[in-house]
Amino acid sequence: MVKPDEKQFLNLPFTGISTFGKYPICDDIGKLNELNADVAVIGVPNDMGTQWKSGARMGPRAVREGSTLYSFGLEGAYDIENDITYLGPDWKVLDCGDVDIVHGDIMQSHDNTEETVRRIVSKGVMPVIIGGDHSITAPVGKGLEALGPFHVIQIDAHLDWADHRSGMRYGHGNCIRRLSELDHVQEIFQFGIRGISSSKKEDVDAAREYGSTILSPKKMRERGVEGLLDLIPRGEKYYITIDIDGIDPSVAPGTGTPSPGGLLYDEVNELLKAIAQHGEVIGFDLVEVAPQYDPTGMTGQTAARIMLDLLSYVLKEKELDVAKGLEHYQNQS
């Protein structure tokens with residue numbers, strides 16, 4: 001029998017409150033006046049922009065639940081492949097709940113999203129966003145204005161460059177075009193784009209005229225990670241937006257617009273790690289998880305792992321930057 005003074009608080013995945021990574025809760029999302037953190041995770045359960053199967057409004061809950069598997073305590077996560085401990089206790093990550101969504105009013109919901117992101121940024125905190133459909137990325141991009149200029153790196157099956165659909169300009173098929181119209185957005189890199197019915201030819205032409213770099217999974221594999229990095233300016237700021245349908249549906253079927261021929265988890269993981277080392281990631285989102293189309297729950301779990309991977313790589317680079325700065329200071333003195 002374990003003695004009382006030898007007991008540990010295990011906080012196993014199936015116990016407690018299902019926050020992202022089981023990180024502490026910030027319950028002041030309406031104001032965020034006292035936000036004291038390095039990273040703020042928010043959900044945006046808005047799927048009013050979908051054009052086929054809805055359900056991504058339940059994405060934040062599914063991703064949070066999936067993330068509990070990777071949260072055995074908050075002392076950090078040991079990566080056996082890289083022999084590195086990520087997400088150590090020195091970093092303060094808070095789950096700040098969900099943006100308030102007004103049913104039937106996509107634009108008011110987008111306004112709420114933009115305002116929340118602006119508040120997070122104004123506190124010097126990095127935003128990490130769980131969607132929702134991809135329409136949420138447009139207001140997130142607006143809310144990041146103070147962090148610009150920055151480049152956008154998209155992992156997605158679809159181009160999302162339609163100007164409008166019968167006057168609708170802020171659905172999930174317009175979000176990257178809306179980002180291209182922002183003065184604080186520089187170059188756009190669109191990876192994983194594939195399949196039929198993704199975009200009209202005039203949308204693709206408009207994206208290329210803007211200067212967007214568009215690569216399918218096949219073209220990405222031909223270049224390799226180093227070849228992809230050669231396309232992206234080194235040492236600059238990046239915002240990363242990940243649509244779960246960029247991943248092959250054999251790996252992540254729980255999405256409203258699955259498209260065969262996508263990327264695999266290891267390919268995305270390797271690319272995100274390289275991007276984090278290539279420049280400064282100022283924030284990221286992962287969208288379009290629709291858990292009702294995957295009874296196994298694997299899509300939400302894969303999405304959570306991708307988000308935690310990227311957060312691990314970004315914060316590890318910040319740790320290394322601090323260590324380099326301290327070493328430089330000590331050498332000077």
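**View A. Arg-305 and Asp-309 pair up along helix α8.** Arg-305 comes out as partly exposed, since its relative accessible area is 30%. This is a predicted model, so keep that in mind for each of the views. The partner of Arg-305 is Asp-309, and the two form a salt bridge whose closest N and O atoms sit 2.8 Å apart. Asp-309 has a relative accessibility of just 8%, so this end of the bridge counts as buried. Both residues belong to helix α8, and because they are four residues apart, about one helical turn separates them. As a reminder, an α-helix has 3.6 residues a turn, so residues three or four places apart point the same way.

**View B. Glu-319 and Lys-316 make another salt bridge in helix α8.** Here the closest N and O atoms are 3.0 Å apart. The spacing is three residues, which again means a separation of about one helical turn. Which of the two is buried, Glu-319 or Lys-316? Lys-316 is, because its relative accessibility is 15%, while Glu-319, at 27%, counts as partly exposed.

**View C. Helix α2 has its own bridge, from Glu-115 to Arg-119.** The closest N and O atoms of this salt bridge lie 2.6 Å apart. Helix α2 covers residues 106-122, and Glu-115 and Arg-119 are four residues apart in it, so about one helical turn lies between them. Glu-115 is partly exposed, with 38% relative accessible area. Arg-119 is partly exposed too, at 26%.

**View D. Five charged residues are tied together in a salt-bridge network.** The members are Asp-163, Arg-169, Arg-177, Arg-178 and Glu-181. For the wider picture, how many salt bridges does the count come to? The answer is 15.

**View E. Tyr-86 and Tyr-313 meet edge-to-face.** A search of the whole structure turns up three aromatic pairs. In the pair shown here, the ring centres of Tyr-86 and Tyr-313 are 5.5 Å apart and the planes are at 80 degrees, so this counts as an edge-to-face pair. The two come from distant parts of the chain, 227 residues apart: Tyr-86 belongs to strand β3 (residues 84-86), and Tyr-313 to helix α8 (residues 298-332). Both Tyr-86 and Tyr-313 are buried.

**View F. Phe-150 and Tyr-239 form a tilted pair.** Their ring centres are 6.4 Å apart, with planes at 50 degrees, and that angle is why the pair is called tilted. This contact also links distant parts of the chain, with Phe-150 in strand β6 (residues 150-155) and Tyr-239 in strand β9 (residues 237-243), 89 residues apart. Buried or exposed? Phe-150 and Tyr-239 are both buried.

**View G. Helix α1 is mostly covered.** This helix takes in residues 59-67, and seven of its nine residues are buried. Among the buried ones are Gly-59, Pro-60 and Ala-62, along with Val-63 and Arg-64. Gly-66 and Ser-67 in α1 are buried as well.

**View H. A negative patch on the surface brings together Asp and Glu residues.** Its members are Glu-81, Glu-226, Asp-230, Asp-266 and Glu-270. Take Glu-226 as a landmark: this residue is in helix α6, which spans residues 217-229. Glu-226 counts as exposed because its relative accessibility is 55%.

Definitions and conventions. Residues are numbered from 1 along each chain as its sequence is written. This is a predicted model: local features need pLDDT of at least 70, side-chain atom pairs count only at pLDDT 80 or more; totals for chains, interfaces and linings use all residues. Side-chain values use heavy atoms; hydrogens and water are left out. Patches are made of residues with over 30% relative accessible area and no salt bridge: like charges are joined within 9 Å, nonpolar side chains (Val, Leu, Ile, Met, Phe, Trp, Tyr) within 5 Å. Accessible areas come from the Shrake-Rupley method with a 1.4 Å probe; for residues, only the protein chains shown count as cover. A salt bridge is a side-chain nitrogen of Lys or Arg within 4 Å of a carboxyl oxygen of Asp or Glu. Lys and Arg count as positive and Asp and Glu as negative; His and the chain ends are not counted. The place of a charge is taken as NZ of Lys, CZ of Arg, CG of Asp or CD of Glu. Buried means under 20% relative accessible area, exposed over 50%, partly exposed in between (1.4 Å probe, protein chains only). Rings of Phe, Tyr and Trp (its six-membered ring) pair if their centres lie within 6.5 Å; planes under 30 degrees apart count as stacked, over 60 as edge-to-face and the rest as tilted.
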